[in-house]
Amino acid sequence: MTAVATTGHAEPSYLVDTGKRKGIAAWLTTTDHKRIALLYLYAMVVFFLVGMGIGVAMRLVQLHSLQHMMKPQTYNALFTLHGVIMIFLFVIPGVPAVFGNFLLPILIGAKDVAFPKLNLATWYFFMAGGIIAVAALFTGGGPPDTGWSFYAPFSVRTGTNVTLAVFGAFVLGFSSMLTGVNFITTIHRLRAPGMGWFRMPLFCWGLYATSWIQILATPIVAITLVLVILDRLFGVGLFDPSKGGDPLLYQHLFWIYSHPAVYIMILPAMGVISEVMPTFCKRPIFGYKAIAFSSLSIAGVGSLVWAHHMFTSGMSEFANMIFALLTMIVAIPSAIKVFNWTSTMYKGSIDFQPPLLYALTFIFLFCIGGLTGIMNGTLAINVHIHDTYFIVGHFHYVMFGGTGFGFFTALLYWFPKMFGKNYSKRWAYVAWVPMFIGFNMLYFTMLVLGLQGMPRRYWTHLPQFDTGHVVATVGSWFLATGLVLFFANFVWAIFKGSEAEDNPWGGVTLEWQIPSPPPVENFEEIPTITHGPYEFSKESHA
Amino acid sequence: MSDAIAQGAAGAHAHGEHRDDVGARLGMWLFLVTEIVLFGGLFLAYSYMRYLYPVEFHEGGQQLNVTIGVINTVILLTSSLTMVLSLVAIQRADLFKAKLFVGTTVVLGLAFLVNKGFEWAAKFHHGLYPSSEHMATLPHGEQVFFSLYFTMTGLHGVHVLVGISVLTWVLTLIARGRITPDRYVLQENAGLYWHLVDVVWIYLLPLFYLAA
């Protein structure tokens, strides 16, 4: 791309222990952003597979013949746990903590993040929070049964172990917040000479916008969770009507964080897509600045739409209308991105590889998720579909079809760089087929069921929903099969994969100019940047 | 938590080749933003509840001891002054005064907590604490007032405690020569944190003690 020093493999890769400590001890005390990224990756894949297993079990219960494999209370615990694990331990931290950590310093030409020790500390916060949340299952009054949203006053009254689970979420919040502090400082202070703001790859813009939401929104949920804990321990009662408190206050405070959190989930994944599209279309991204600013405006407007989760909670008509309007507005910057990605493909020389397939899948699924989101934001429709499977289908399209597939795309795109190994492209394609079919069987059916009136979070259902539930459950088997194949491919690659090239995709951003896997210090010499990130014409690529 | 920030900043120093005081300060300011939003959630709850129960908040405010509140304000404001003086001292390479003023700040912080302790103890003695029998007899608005009072001054107290710990650590670092006249960003950041604790109190005083 630019005056990057030689790509000779003189320096040892970051995967080789060079310090005093060896093996596990070296990994657990590392301050190398690349190693920390892998620590996150391993932990998250485990959490994801556990969450997936729970999801499959929840689907099984909806087959009438298998209904009695668990009691309703167990079902309540499972959907709570599925939500807590997937949202707090996979979808929110997923892309930034793994790929942001690994790539942000490399993409801006730095040797590490601004605060490497803090970076390691956030991983320990993450693990501690995860372990506390899981411990809540087996201690106290049994697994929490509130749903991941911990709505008061039920969450302060239920006898299950909500206190510990909420404390786990609180600790995870610290991890998220401090990662945000770290990334913003890194982007402001550590860009290589010549790396102006508009020469940064778009993934960095996505991370930048995300980090601001992490800083501005996470503390609100932290204090809200503290209030739930204080209520349970000391009877403070700010959400308890019998003590003058107000449960609606809980919902507001919770969604002031948890709606922006949706953008914490999706913005980095959108950043991944913005990297993948130019590389496989061999064209500069269409509308660089529009994409960069749309990330910021999603972060900004997205912080003002939270109460669209509460249209049926008894807010005033006027408040409902304002929040519905703002919700419509936030769709605009999201649509801008989709138009720009597809425009990038126009007249590009498209090199169809697994990351591109998954990126296009992201766009397709995200569009369905986004458009159903507009439906949810429409007041009249919302009353009808509130708390039905339609909502469940919608947010799985956004979070799983969006962020999940963004994560998979990132893994396919950067895996050769991260591990220096090639996975099997054939199996990446093969895994896609059951994943895509199963995904739509499962979640599109949920949209239909929801419109027909199937409420969410019910252990059982009326006979008229039988067909839909059978289709969805069979879909969940396809999806799970695809996911297992997908991850197995990478496990195979780590042990048996062939050596990856430094630049297998012909990318032009900085990470492709250094060896695979990168050396400890990333760059032998900090590069000087002389032009934008996606200029394919300037130089030939092998 | 602020230790983690501080260590992060120190960590960047420990590498030797990379030192970025501006970055360390930026990181600290961003962390302070998160603290402001954390308290912001409670201030939001306060405004809403006060809007619901204006009369009861007035009644509740009358039961708080303005004198102790004002004394504590003077103590905290003075401690911010001594914190700044310690920075001036380290910049002028006067290590003795730097230690003296950081030490004074710690002592003033402790004095604040002792005062606060007496105040809380008196309330408890009168049966005023969350889910007490006496509380249950009060009007809803007053219950909310005192719940907020304990939550917000309690969270603030925790921050004072954290600040005291960080400053004590800073004191030992000056004594061991790890904070020096040309490398004192850690002390600066600890000071920023301390000022935040001070500023939050400046808002708590009128919202609770002067609400009557």
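## A buried turn, two cis prolines and the A–B contact

With 25 C-beta neighbours inside 10 Å, A:F150 is classed as buried, because the cut-off for that class is 20 or more. The model is predicted. A:F150 sits in the loop between α5 and α6 of chain A. Its phi is near 50°, a positive value in a residue other than glycine.

The loop between α5 (116–138) and α6 (154–157) of chain A also holds A:P153. The peptide bond leading into A:P153 from A:A152 is cis, with omega near 5°. A second cis bond runs from A:S516 to A:P517, with omega near -15°. A:P517 belongs to the segment after α16 (466–496) of chain A.

A:D387 is another non-glycine residue with a positive phi, about 60°. It is found in the loop between α13 (379–385) and α14 (389–419) of chain A. A:D387 has 13 other C-beta atoms within 10 Å, so it counts as partly exposed.

The backbone values are set out below.

| Residue or bond | Value |
|---|---|
| A:F150 | phi near 50° |
| A:D387 | phi about 60° |
| A:A152 to A:P153 | omega near 5° |
| A:S516 to A:P517 | omega near -15° |

Next, a helix residue. A:F364 lies in α12 (residues 354–377) of chain A. Is A:F364 buried or exposed? It falls in between: A:F364 is partly exposed, because 16 other C-beta atoms lie within 10 Å. A:F364 and A:P201 are 163 residues apart in sequence. In space, their C-alpha atoms are 23 Å apart.

Now the contact between the chains. Chain B puts in 31 residues and chain A 33 residues. Three helices of chain B, α1 (2–14), α2 (21–52) and α7 (140–175), each supply at least two residues of the side that touches chain A. Which of them gives the most? α2(B) does, with 14 residues. By type, the chain B side divides into 17 nonpolar residues, 13 polar and one charged.

How confident is the predictor? The complex has an ipTM of 0.91 and a pTM of 0.93. For chain B the mean pLDDT is 91, and 92% of its residues reach 70 or more. Residues 1–16 of chain B have pLDDT below 50. Beyond near neighbours in sequence, that stretch has 43 contacts in the model. Where pLDDT is low, the predicted coordinates should not be read in detail.

How values were computed: Residues numbered from 1 in each chain as written. Chains lettered and ligands numbered in written order. Predicted model: local features only at pLDDT ≥ 70, side-chain atom pairs only at ≥ 80, totals over all residues. pLDDT = per-residue confidence, 0-100. Contact = placed C-beta atoms within 7 Å. Helix = DSSP H or I, 4+ residues; strand = E, 2+ residues; numbered from the N terminus. Nonpolar A, V, L, I, M, F, W, Y, C, P; charged D, E, K, R; others polar. Buried ≥ 20, exposed ≤ 12 C-beta atoms within 10 Å, placed from the backbone.
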